[in-house]
Amino acid sequence: MALSPRSPNVSLHSGTPSPNSRNLRIYKPKTLPFSHEFQTHKISSIKPVKNSFLDTTSIATSQDPNSRLNQLCLYGKLEEALDVLKSMQELRISVEEDTLIALVGLCERMRASDGAAVLYLYVTNSMTQLSAKLGNALLSMFVRFGNLDNAWFVFGRMEDRDLFSWNVLVGGYAKAGFFDEALSLYQRMLWIGIRPDVYTFPCVLRLCGGMPDLRRGKEVHVHVIRYGFDSDVDVSNALITMYVKCSDVATARMVFDRMPRRDRISWNAMISGHYENGECWKGLKLFFAMREQSIDPDLMTMTSVISACELLGDDGLGEGIHGLMLKTGFGVDVSVCNALIQMYSSFGNWEVAEKIFTRMEFKDVVSWTTMISGYEDNLLPIKALNTYKMMEVDGIRPDEITIASVLSACASLGELDMGTKLHELAKKTRLISYVIVANALIDMYSKCKCIDKALEVFHQIPVKNVISWTSIIFGLRVNNRCFEALFFFRQMKLTLKPNSITLVSVLSVCARIGALMCGKEIHAHALRMGVALDGFLPNALLDMYVRCGRMQPAWNQFNSQNEDVAAWNILLTGYAERRHGARAVKLFHRMVESKVNPDGVTFISLLCACSRSGLVTEGLEYFNSMEHRYFLTPNLKHYACVVDLLGRAGRLGDAYVFIQKLPLKPDAAIWGALLNACRIHRQVELGELAAQHIFEMDTKSVGYYILLCNLYGDCGKWGEVAKLRMIMRERGLTVDPGCSWVEVKGKVHAFLSGDNFHPQTNELNAVLTGFYEKMKAAGSVDFECSSTNEVEVSKAEIFCGHSERMAIALALINTAPGVPIWVTKNLYMCQSCHSTVKFISKVVRREISVRDTEQFHHFKDGVCSCGDEGFWKRFDEG
């Protein structure tokens, strides 16, 4: 028989004590040792206790001490009763069994574990065998206290055990979570001929449902029929609940339909059973049938129905149920209001949820937490944080769900200070022990760019779940520590089975560094596990193939999955990055013909494709069709795409006029698109104007500084470059070191700028030196090597890093001639590297693809697919 993780080693022989009893620890109060000899003495020989119960009840001093103890128990005077018991012990006056039972009952009612220890010590010292009556009282008390060791010891010393004895012990083990032991006790009870009753079966059936164990549950159902309890309402309700918990709704409904009499619990169990197993409509139909039979619902019924409306996403039905709540008087109950807040928040109707929350006279921690999570789910993190602050003012102590929800809001806003304070609060209140809080902290620190703190929290989690591993993998990915993310994924697979969300995160890592073979392995793993079509995983696979530059496998994946709008958008983005504008346009028309409605993201990808392919007229037509044909309102991202479209085509004046006429205030991205166009066409004055607008709104994004530096550098304004770099240092802005990845024979290699740790570094440098000499001999002198301006060289090293050269050299050495080379880079490609790779592709006659932070550069026979846009000769080279 399988044992639960918390199960003690318990012997089920009724006449022997538990094996744990040798190590039994009994509380011993500071009293005189109890004697085994008892005599009856006159009460006059007992010294009266000052301020005792005797002084306040005018009981005669000649009253029998056992009667006095019974009186004290009746009035709940436990301390005085224990004093009298101590005096009786000192005078060796025997205590009657009924009196002991009364004392045990008083200790149980008052949860007095110390008093219980005194009585238990007395009993163990004075009696070798316990009667059923006294034993049952002690059993009940110890089970109530959760002390199963002492309960088992009492059970073993009982002369006779009745049904109550077995029921109490079975219930005690069940309540403590020892399900297997409780079921074994039940089987032992049947074996010795004890007939179960209406109290036995509900307890045992709850065990089967809690495990859940349908096979054993059906066995107990057979016992129910055999002993004639199948028509009892309580037992039938327990059967329904058991089958529901074991996901056998059909049998549960059969039991329900055959019940000769049903109470409200019967209806609630069946209604909630349908909801819990995804049969919301059946549950609602049963609710309406309940109403037709004039059975009034209670709080449990109403909260279940609200949950069903939430699961169905039927806001109309939810509003109708809300109206019924108000008519039946349940609308003011806290639990109902909490369920309504949750329901309306899930519908996206947070304003109604907010009204319900505001009108609540009393709010518990669930109310506050539900409202906070509702704001967070509806992308209103500022409101979520403000609500939490109001909760603090009201003096409501948060629970683990509250902390996790507020941390999620902090992650959305990048509120590191607030998140750190919540971390300290979680430590202080010990809520950090909840894995949901630790996972939320990992997410918050990751999104606030404090990945080392996230790793610290992760390593402190004693039992990590799938969400813990997924959160840290995703965190490493967004902090550009992709190698570590892959390492953690491999570690995770040793102990846990990754879910589809984990695989999506890892595929994102593979897409980021161009790890095609690793991505293929994950694809195969998803197919083996049967999750290849779960959630966003199909689109994550499609995105991986597209970003790794493998369009044919991407098309194969696209044709094998549901072609939703996200899938079409991924392919459009892939063509945009490759400057295949005509193919993107053709794909867009095919998408429309397939009856797939384009969304805002579709037009961003389409406009980008037109922009990078010089399709200005077509791009403007698609932009204008958004509102008129597809009823989509352009947002700031679409406006930025139009600016980029006009700017790349050299129509900088039109782009500037377009910005001035926008119906919305331009953001930094729109001015950034104009700045990038000025960099391409070397328009310093307009570029400086764009940069001025940018830095009024955003002073922390490094990319805009790099664009302006490149503009100044390309125009020979090295003094301005130096000033701008000084401003960056003063503001604490740093550029990520250049890093390039290349996959060779299934293994991904990374090269950082200036990295000399690769085992083949000397060979790689020799290869590159050979190419430089050939370039010089051919008259194609490397741009960097020919420069006499140290600032220009420094700019190229910082904003490019040249790391792709080492990656290409590694692939040339370790792959067969003619095999295409695929490199991924985290920064823009500089003019020097661009010229060098063009030359290498011509000399070695290989196709070389380099994906930088903006686009794919596909080199073949000394020509790049980008058309050398942005890499023209410097103006001073004339």
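**Repeats and ring pairs in a predicted model**

Over residues 333–367 the chain is 74% helix and 0% strand. The C-alpha atoms at the two ends of that stretch are 11 Å apart. The model is predicted.

Residues 333–367 carry a label in the UniProt record, "repeat: PPR", from an unreviewed entry. The record gives that label to residues 162–196, 263–297 and 564–598 as well. Take residues 564–598. This segment is 74% helix and 0% strand, with its end C-alpha atoms 10 Å apart.

Now turn to the side chains. Lysine 363 places its charged end over the ring of phenylalanine 357, 5.1 Å from the ring centre. A second charge-over-ring arrangement involves arginine 550, which lies over the face of tryptophan 822 at 4.1 Å from the ring centre.

Rings also pair with rings. The count is 28 aromatic pairs. One of them joins tyrosine 173 and phenylalanine 178, with 6.1 Å from centre to centre and 55° between the planes. The pair is classed as tilted, because that class takes planes that are neither under 30 degrees nor over 60 degrees apart. Tyrosine 173 is buried, at a relative accessible area of 2%. Phenylalanine 178 is buried too, at 11%. Both rings belong to a cluster linked by ring pairs, whose members are Trp152, Phe155, Trp166, Tyr173 and Phe178.

Another tilted pair brings together phenylalanine 603 and tyrosine 630. Their centres are 5.5 Å apart, and their planes meet at 55°. What does this pair tie together? Phenylalanine 603 lies in helix α34, residues 600–612. Tyrosine 630 lies in the loop between α35 (616–628) and α36 (636–648). The pair therefore ties together parts that are 27 residues apart in sequence.

Are these two rings buried or exposed? Phenylalanine 603 has 0% relative accessibility and counts as buried. Tyrosine 630 has 17%. Tyrosine 630 also counts as buried, because the cut-off is under 20% relative accessible area.

Serine 625 adds a further piece to this site. Serine 625 is found in helix α35, and its relative accessible area of 14% makes it buried. Which residues does serine 625 contact, leaving aside its neighbours within four places in sequence? They are Phe603 and Tyr630, the two partners of the tilted pair. So a residue of helix α35 is in contact with both rings of a pair that links helix α34 to the loop between α35 and α36.

Methods. Residues are numbered from 1 along each chain as its sequence is written. This is a predicted model: local features need pLDDT of at least 70, side-chain atom pairs count only at pLDDT 80 or more; totals for chains, interfaces and linings use all residues. Side-chain values use heavy atoms; hydrogens and water are left out. Rings of Phe, Tyr and Trp (its six-membered ring) pair if their centres lie within 6.5 Å; planes under 30 degrees apart count as stacked, over 60 as edge-to-face and the rest as tilted. Buried means under 20% relative accessible area, exposed over 50%, partly exposed in between (1.4 Å probe, protein chains only). Helices (H or I, at least four residues) and strands (E, at least two) are DSSP runs, numbered from the N terminus. A charge sits over a ring if NZ of Lys or CZ of Arg is within 6 Å of the ring centre and within 35 degrees of the ring normal. UniProt positions are given in the numbering used here, feature names are shortened, and annotations may be inferred rather than shown by experiment. Contact means heavy atoms within 4.5 Å.
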